[in-house]
Amino acid sequence: DLVRSRGLGDVYKRQIQRIYAENTNLTIFQESKVSSALVDKDAIYSAEGGGTVTSSNLVIGAVRPFAGRYGISKNPESFAYYGNRKYFTDKDRNAVLRLSKDGLTEISKYGMTDYFRDKLSTLDASPSDVGKAVGSWDMHTKQYVLSLQPSLGSYNTLSFDEDVNGFPSFFDYKPDQGISMKSDFYTMKDGVLYLHYKDNAIRSNFYGTQFLSLIHISEPTRPY
């Protein structure tokens, strides 16, 4: 009742998939909406749009949606964060997104619109046969790692790099989950924890399977 009274009464239309708590703020991810709310505080907004934060005995303050018709669909496992940046997928809109201080940004538009349209639209074979979009933050390379694992067909694991504003790397591993601790990056596979980037590791060997390493060099298209 409290959640419904504070502006989330549409949970039946856009079910809450994930809630992320950060200091005195909540970020609420629904299927087709992302919102923020103050915790144990409330904001009073003037006619000019200015806000004043006041103490309150409310558990959740007023809920304010971010601009843009995006949500996390039904893939809360795609969520990862680093600092004030949060990353996730919106399968229903074929998008990969970043939420930061400047709001929502569709990072899949950075040269990968067609790729993610094709991959995300085929993630689920049917409403009852669904795939996964496993997201994690790699502290070692400071990249958002996303593994698209459809219920049918082959998987694709790739990473987003803020420094190049794009997706420079593809990987052969298919993680069940990923996590960073200090400067180390770990993934979980079949109940076993694996450390990546070990000095003495066999290169391109993931979970006991050896793969090939390939480098593709691309040039910008030159106008004629």
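Which residue forms a salt bridge with K91? In this predicted model, the partner is D124, and the closest N and O atoms of the two residues are 2.5 Å apart. K91 sits in the loop between strand 6 and strand 7, while D124 belongs to the loop between helix 2 and strand 9 (132-138), so this salt bridge ties together parts that are 33 residues apart in sequence. The two partners are covered to unlike degrees: K91 is buried, with a relative accessible area of 13%, whereas D124 counts as partly exposed at 23%.

The pair of K91 and D124 has company, as the structure holds seven salt bridges. Another of them joins the side chains of E162 and R85, with an N to O distance of 3.5 Å. Here E162 comes from the loop between strand 11 and strand 12 and R85 from strand 6, so the contact ties together parts that lie 77 residues apart in sequence. Both ends of this bridge are partly exposed, E162 with a relative accessible area of 22% and R85 with 23%. E162 also meets the side chain of R98 in a salt bridge, this time at 2.9 Å from N to O. That pair again links distant parts of the chain, since R98 is found in strand 7 and E162 in the loop between strand 11 and strand 12, 64 residues apart. Unlike the partly exposed E162, R98 counts as buried, at 8% relative accessibility. Taken together, R85, R98 and E162 are linked in a network of salt bridges.

Helix 2 is a good place to look next. Its buried residues, in the stretch 113-121, are Y115, F116 and L120. These residues cover an arc of only 105° around the axis, which puts them on the same side of helix 2. The elements they pack against are strand 6 (85-90), strand 7 (95-100), strand 10 (143-149), strand 11 (156-161) and strand 12 (166-171). Y115 and F116 are also members of an aromatic cluster, in which ring pairs link them with Y82, Y87, Y110, W137, Y144, F160, F167 and F170.

Aromatic contacts appear elsewhere too, with 19 aromatic pairs in the structure. One of them is formed by F29 and F79 in an edge-to-face arrangement, with 5.3 Å from centre to centre and 65° between the planes. F29 lies in strand 2 (residues 25-30) and F79 in the loop between strand 4 (51-65) and strand 5 (80-82), so the pair ties together parts 50 residues apart in sequence. Both rings belong to buried residues, F29 at 0% relative accessibility and F79 at 7%. For F206 and F211, by contrast, the ring centres are 6.2 Å apart and the planes stand at 45°, so this pair is tilted. F211 is partly exposed, with a relative accessible area of 25%.

Two further sites round out the picture. S35, in strand 3 (residues 33-45), is buried, with a relative accessible area of 1%. Leaving aside residues up to four places away in sequence, S35 touches L26, T27, I28, Q30, V63, R64, P65 and F66. On the surface, I179, M181 and L193 make a nonpolar patch of about 300 Å². Of these residues, I179 is placed in strand 13 (residues 177-181) and counts as partly exposed at 45% relative accessibility.

Notes:
Residues numbered from 1 in each chain as written. Predicted model: local features only at pLDDT ≥ 70, side-chain atom pairs only at ≥ 80, totals over all residues. Heavy atoms only, no water. Buried < 20%, exposed > 50% of the residue type's maximum accessible area, 1.4 Å probe, protein only. Helix = DSSP H or I, 4+ residues; strand = E, 2+ residues; numbered from the N terminus. Arc of directions from axis to C-beta. Contact = heavy atoms within 4.5 Å. Patch = residues over 30% accessible without salt bridge, like charges linked within 9 Å, V, L, I, M, F, W, Y side chains within 5 Å. Areas by Shrake-Rupley, 256 points an atom, 1.4 Å probe, with all protein chains shown as cover. Salt bridge = Lys/Arg side-chain N within 4 Å of Asp/Glu carboxyl O. Phe/Tyr/Trp six-rings, centres within 6.5 Å; stacked < 30°, edge-to-face > 60°.
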